[in-house]
Each structure stands twice: as structure tokens, then as C-alpha cells.
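Biologist: Hello! Please take me through a single part of this model, the sheet, strand by strand, and then tell me what packs against it.

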Amino acid sequence: MERYYHLCRNHQGKVVRITERGGRVHVGRITRVTRDKVYIAPTGAGPRGFGYGYWGGYWGYGAAYGISLGLIAGVALAGLFFW
């Protein structure tokens with residue numbers, strides 16, 4: 001968890017793609033990082049880099065929500081996927 005905490009802190013304010021251990025993918029801007037969670041606000045970039053993002057059963061932009069650092073399997077800058 002410590003690794004992802006520092007990685008998320010270093011990328012705060014940037015759009016990232018976070019993959020959970022269960023395979024769920026989140027795309028959004030990191031708005032806040034605590035020792036337990038990273039909070040991201042959906043940006044509207046879908047998995048193919050266009051359209052609206054999908055999370056929690058609705059389409060579009062949304063308020064920031066938290067993801068437990070213990071569930072994270074990977075973090076990458078979204079710019080690497082959406083160009």
C-alpha cells in the first residue's frame with residue numbers, strides 16, 4: 001500500500017487509470033490521497049479515450065469517490081492510453 005500511496009501522491013491532480021485487483025478499471029483525476037484511499041473524479045474519458053466514462057451504473061462526469069489503496073493492482077497516467 002505504501003508504494004501506491006506515494007505513487008498517487010506524486011500524480012495528484014493528473015488524470016490516471018487505476019486498476020483494482022478484481023479487474024475493475026477507474027479513469028479520473030486524482031483529487032485527494034489519504035493513507036487509506038485515493039479519491040478520483042471521473043473525467044469523462046472512456047476506455048478507448050473518447051465519450052463518457054462509466055462507473056457505478058451511470059454515464060458521464062461525477063463527483064470524486066474513494067478507492068481503497070489495498071485494492072489497487074496498478075496505476076498509470078491516462079495520457080499513456082488516450083492519445
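Modeller: Gladly! Helices (H or I, at least four residues) and strands (E, at least two) are DSSP runs, numbered from the N terminus. Counted that way, the chain has one helix and seven strands, and its elements run α-β-β-β-β-β-β-β from the N terminus. This is a predicted model, in which local features need pLDDT of at least 70 and side-chain atom pairs pLDDT 80 or more, while totals for chains, interfaces and linings use all residues. Residues are numbered from 1 along each chain as its sequence is written, and side-chain values use heavy atoms, without hydrogens or water.

Now to your sheet. Five strands make it up, in the order β6-β3-β2-β1-β7, with antiparallel pairing, and the sheet is open. Two strands pair if DSSP finds at least two bridges between them. β6 (65–68) and β7 (72–77) each have a single partner strand, so each of these edge strands has one side without a neighbour in the sheet.

Let's walk across from the β6 edge. β6 pairs with β3 in the antiparallel sense, over four bridges, and one contact point to look for is Y39, whose bridge partner in β6 is G66. The two faces of β6 differ in cover: Y65 and I67 lie on the covered face, whereas G66 and S68 lie on the uncovered one. So G66, the bridge partner of Y39, belongs to the uncovered face.

One step further in, β3 (residues 37–42) meets β2 (residues 25–33), again antiparallel, over five bridges. Here G28 stands opposite P42 in β3.

On its other side β2 pairs with β1, antiparallel over five bridges, and R17 has V27 in β2 as its bridge partner. These two strands form a hairpin with four residues between them, where G23 takes a positive phi near 100°. The covered face of β1 holds V16, I18 and E20, while V15, R17 and T19 sit on the uncovered one.

That brings us to the β7 edge. β1 and β7 pair antiparallel over five bridges, with I18 opposite V75 in β7. I18 is worth a pause: leaving aside residues up to four places away in sequence, I18 touches R24, V25, H26, V38, I40, I67, I72, G74 and V75. Contact means heavy atoms within 4.5 Å.

What packs on the sheet? Helix α1 (residues 2–10) does, touching β2, β3 and β7.

I18 also turns up in the largest nonpolar core, which has 13 residues; I18, I30, V38, I40, I67, L69 and I72 have the most contacts inside it. Such a core is a set of buried Ala, Val, Leu, Ile, Met, Phe, Trp, Tyr and Cys residues joined through side-chain atoms within 4.5 Å. At least two residues of this core come from each of α1, β1 (15–20), β2, β3 and β6, and α1 gives the most, with three.

Finally, for the chain as a whole, buried residues make up 31% of the 83 residues (buried means under 20% relative accessible area, exposed over 50%, partly exposed in between, with a 1.4 Å probe and protein chains only). Among contacts with a separation of 6 or more, 53% join residues 24 or more positions apart.

Terms used:
Axes are lines fitted to C-alpha atoms, for helices over the stretch in contact, and angles run from 0 to 180 degrees between N-to-C directions.
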